[in-house]
Amino acid sequence: MNYVLRGIGVLATVGGLSLAAFSLPSGEARGDGGGDDMMPRLTHAAWQQECASCHIAYSPALLPRASWRRVMGGLEQHFGEDASVDPVVQADILRFLEANAADSGTSRIGSKVMRRIGTDKAPLRITETRWFVRKHDDVARATWARKSIGSAANCAACHRQAERGMFEED
């Protein structure tokens, strides 16, 4: 009888912990990029150090693997800048980007991005994706041209918590 009661106690504890693990308080970040306004929370030292030294480290979920290959393959002419890095570091960052890309199946946001990109497409800019355009269709072109914003690539100009992967509209 004691074994039965202990077994029930273990099952109840495991079940309770499982429920707690999947129940997050409102507003708390989820690792899977739960909504359209939250990117997956990822860490990778070289990606954060190299990419975020000039702009936010854009979530890999915003482009497919083929796009990240194009971006990382052209770092010597990266949108008008020489962003070259050591080849070993470059390969390490590319592996990370590919593993977490929109078409890797690791995040809901990536799946949403891929629904709007043909499987044969490899856009070079996040701002050129149909997903991005749809999410920002209410933003006037004049807004992007403001000196304080500079371009649509400056996420943090409007999304104050962009560095933390949060892109709420309000």
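About 300 Å³ of space lies in the second largest pocket of this protein chain, and we will start our tour there. Keep in mind that the model is predicted. After the pockets, we will look at the overall build, the nonpolar core and one buried serine.

**The second largest pocket**
- This pocket is lined by 17 residues, and those closest to its centre are Leu42, Trp47, Ala57, Glu163 and Gly165.
- Sorted by class, the lining of the second largest pocket holds 10 nonpolar, 4 polar and 3 charged residues.

**The largest pocket**
- The largest pocket has a volume of about 1200 Å³.
- It is lined by 49 residues, and if you want to find its centre, look for Ile56, Tyr58, Ile126, Ala153 and Cys155, the lining residues closest to it.
- Four helices, α2, α3, α4 and α6, each give at least two residues to the lining of the largest pocket.
- By class, the lining of the largest pocket is made up of 30 nonpolar, 8 polar and 11 charged residues.

**The overall build**
- The protein chain has 7 helices and 0 strands, so as you follow the elements from the N terminus on, you read α-α-α-α-α-α-α.
- Of the 170 residues in the protein chain, 34% are buried.
- Among contacts with a separation of 6 or more, 59% are between residues 24 or more positions apart.
- The accessible surface of the protein chain is about 10900 Å², and carbon and sulfur atoms account for 54% of that area.

**The largest nonpolar core**
- This core has 33 residues, and Trp68, Ile93, Leu97 and Trp131 are the ones that touch the most other members.
- Helices α2 (45-51), α3 (65-73), α4 (87-99), α5 (108-115) and α6 (130-135) each supply at least two residues of the core.
- Try picking out Leu97 in the structure: leaving aside neighbours within four places in sequence, Leu97 is in contact with Trp47, Pro60, Trp68 and Met72.
- Trp47 also turned up earlier, among the residues closest to the centre of the second largest pocket.

**A closer look at Ser67**
- Ser67 is found in helix α3, a helix that also supplies residues to the largest nonpolar core and to the lining of the largest pocket.
- Is Ser67 buried or exposed? Ser67 counts as buried because its relative accessibility is 0%, and buried means under 20%.
- Beyond its neighbours within four places in sequence, Ser67 is in contact with Ala122 and Pro123.

Definitions and conventions: Residues are numbered from 1 along each chain as its sequence is written. This is a predicted model: local features need pLDDT of at least 70, side-chain atom pairs count only at pLDDT 80 or more; totals for chains, interfaces and linings use all residues. Side-chain values use heavy atoms; hydrogens and water are left out. A nonpolar core is a set of buried Ala, Val, Leu, Ile, Met, Phe, Trp, Tyr and Cys residues joined through side-chain atoms within 4.5 Å. Buried means under 20% relative accessible area, exposed over 50%, partly exposed in between (1.4 Å probe, protein chains only). Contact means heavy atoms within 4.5 Å. On a 1 Å grid over the protein atoms alone, a cavity is a set of points where a 1.4 Å probe fits but cannot get out, and a pocket is an open set with protein on both sides within 12 Å along at least five of seven lines; lining residues have an atom within 4 Å of a point. Grid points are joined across faces, edges and corners, and a volume is the space filled by probe spheres set on the points. Ala, Val, Leu, Ile, Met, Phe, Trp, Tyr, Cys and Pro count as nonpolar, Asp, Glu, Lys and Arg as charged, and the others, Gly among them, as polar. Accessible areas come from the Shrake-Rupley method with a 1.4 Å probe; for residues, only the protein chains shown count as cover.
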